[in-house]
Amino acid sequence: MSLKDNKYLTPRFHLFPKSGWLNDPNGLCQLGGIHHIFFQYSPDQPKGGEKTWGHYSTKDFINYEFTGVFMKPDIPEDASGVYSGCAYVENDTMYIYYTGNVKHAGDYDYILDGRESNTTLVTSEDGINASGKRVLLRSQNYPDSLTLHVRDPKVLCHDGIYYMTLGARTKKDEGCAIVFKSKDKINWDFSHFIEKADYGYMWECPDLFYVDGKQFLSISPQGLEAQEYCFQNIYQSGYFNTDKDLLLDGQGLGEFTEWDYGFDFYAPQTYVDEKKRTILIAWMGMPDAEYGHDASIEDGWQHMLTLPRELVYDSETGKLRQLPIEEIKGLRDKKIDIKDIEDTEIYELDLSDFGENDFSIQLNKGFDIKFSKLKHDLVFSFTDKELGCNRTCRKLKLADGERVENMKIFVDTCSIEIFINDGIYTYTTKYFKAKEIKNWVSFEGSIESIKAYSLRPFNINI
Ligand code: FRU
């Protein structure tokens with residue numbers, strides 16, 4: 001099928017599968033100038049199915065090459081899926097660690113019985129050709145207190161020692177991460193647990209990383225109870241800060257901050273590029289959500305990745321800012337008047353100098369952002385059920401004394417990403433409008449500076 005026959009427009013500046021399903025970003029790294037963006041991929045099944053790794057590469061985040069399936073289940077140890085993992089780069093080689101998922105046929109609960117989780121290594125120099133697979137850790141190598149849910153290895157090297165974090169669920173139904181250590185990237189010894197009481201029953205996709213010398217642990221926890229202003233999705237993702245060294249001490253987790261306040265953001269992964277930037281990319285999707293069947297399934301594909309975001313440490317708040325990486329500015333075509341937005345396919349809004357009073361922004365007749373001075377919150381709502389494909393509303397409470405200072409809004413054909421107050425908060429959602437409906441924007445309240453840019457699409461070979 002040609003993309004021209006699609007009912008909905010396909011993304012213009014977000015990575016997506018031309019056919020099939022995409023979930024977590026995997027194996028993010030840069031090698032010899034090329035950024036490699038692997039992802040969980042079921043090529044022919046838009047509602048998900050057997051998981052392989054797909055692969056995009058780019059030198060500049062504007063021109064992308066899609067090279068198809070990098071690896072698929074083909075050994076007994078990954079028979080039910082090549083699950084998520086990472087790429088650690090050394091000696092011009094990607095050391096790719098992933099979870100080989102095995103679900104045995106039979107009457108099992110797949111928590112305590114019937115599942116295998118095999119931490120497996122392949123190497124690659126180009127993200128296209130892979131070495132043979134080598135299983136490094138099997139279910140019996142993980143601590144006894146864990147269920148069979150152990151997965152998503154992320155590897156880093158610190159002071160000459162390699163550390164691998166894995167996400168897990170304990171037999172007491174508590175989420176945690178576990179840390180293994182190695183001197184040679186092949187032989188791994190269990191070191192310790194990283195845990196915090198009352199943070200759900202399962203942690204997926206742990207990622208221990210540094211920004212500005214400060215250590216953080218990102219996790220995607222499952223089982224946190226929704227509150228009015230936090231944990232509003234079925235599953236979460238966020239990061240802990242810490243005063244301790246989590247490579248040595250797993251009890252030192254500090255405050256947890258959610259990465260994003262939108263409907264579609266999960267399983268983020270970070271990597272450090274050759275410019276030493278820490279870049280985060282997330283899955284723009286949400287597993288098991290009640291709004292989990294996107295209209296794009298009719299066109300044979302589902303889900304996207306977020307824009308790559310640079311993480312910057314904010315010493316005032318101790319939090320991380322997420323900023324669209326600098327290269328995204330290269331997508332700007334020209335500055336336009338607000339009334340000309342209807343002639344664009346994709347655009348960016350750059351808003352600043354908000355007054356102290358209520359304001360609202362309506363995008364594409366059916367989505368609005370409202371600031372209430374009284375409640376001191378921002379509310380993002382789909383007023384058109386079809387446009388939001390059953391997404392409703394999400395809320396963000398500003399901190400005491402905090403004001404809305406600025407917002408960058410990126411509107412693709414089927415997603416909206418908003419960066420608030422220089423990325424201290426972000427909001428990410430998908431939406432679906434039929435091709436013939438034009439873009440549209442209106443504002444109410446005091447916003448002094450409104451700039452709009454039409455954008456150019458990514459150049460992708462699909
Ligand atoms: C997160 C996740 C991972 C797993 C992968 C399977 O979305 O569930 O824990 O490895 O997706 O596709």
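Two strands count as paired if DSSP finds at least two bridges between them, where strands (E, at least two residues) and helices (H or I, at least four) are DSSP runs numbered from the N terminus. The model is predicted: local features need pLDDT of at least 70, side-chain atom pairs count only at pLDDT 80 or more, and totals for chains, interfaces and linings use all residues. Residues are numbered from 1 along each chain as its sequence is written, and side-chain values use heavy atoms, with hydrogens and water left out.

**Exercise 1. Trace the mixed sheet from one edge to the other.**

Solution.
- Step 1: Write down the order. Six strands make an open sheet, 19-1-2-3-4-32, with mixed pairing.
- Step 2: Find the edges. Strand 19 (301-302) and strand 32 (459-460) each pair on one side only.
- Step 3: Start at strand 19. Two bridges join it to strand 1, and the two run parallel; here Trp21 has Gln302 of strand 19 as its bridge partner.
- Step 4: Move on to strand 3 (residues 52-58) and strand 4 (residues 63-71), which are antiparallel and joined by six bridges. Trp53 is bridged to Met71 in strand 4.
- Step 5: Look at the turn. Strands 3 and 4 form a hairpin with four residues between them, and Phe61 in the turn has a positive phi of about 65 degrees.
- Step 6: Finish at strand 32, which pairs with strand 4 in the parallel sense over two bridges. Asn63 has Asn459 as its partner in strand 32.

**Exercise 2. Explain why strand 9 and strand 12 each have one side without a neighbour in their sheet.**

Solution.
- Step 1: Four strands form an open antiparallel sheet in the order 9-10-11-12.
- Step 2: Strand 9 and strand 12 (189-194) are at the edges with a single partner strand each, so one side of each is left without a neighbour in the sheet.
- Step 3: Inside the sheet, eight bridges join strand 10 (residues 161-170) to strand 11 (residues 175-182), running antiparallel. Met164 is bridged to Phe180 in strand 11.

**Exercise 3. Describe the largest pocket and its lining.**

Solution.
- Step 1: Fix the term. On a 1 Å grid over the protein atoms alone, a pocket is an open set of points where a 1.4 Å probe fits, with protein on both sides within 12 Å along at least five of seven lines; lining residues have an atom within 4 Å of a point.
- Step 2: Take the volume, the space filled by probe spheres set on points joined across faces, edges and corners. For the largest pocket this is about 810 Å³.
- Step 3: Inspect the lining of 36 residues; Lys51, Tyr83, Glu204, Pro287 and Asp288 lie nearest the centre.
- Step 4: Find the contributors. Elements giving two or more lining residues include strand 1 (20-31), strand 5 (82-90) and strand 9 (146-158).
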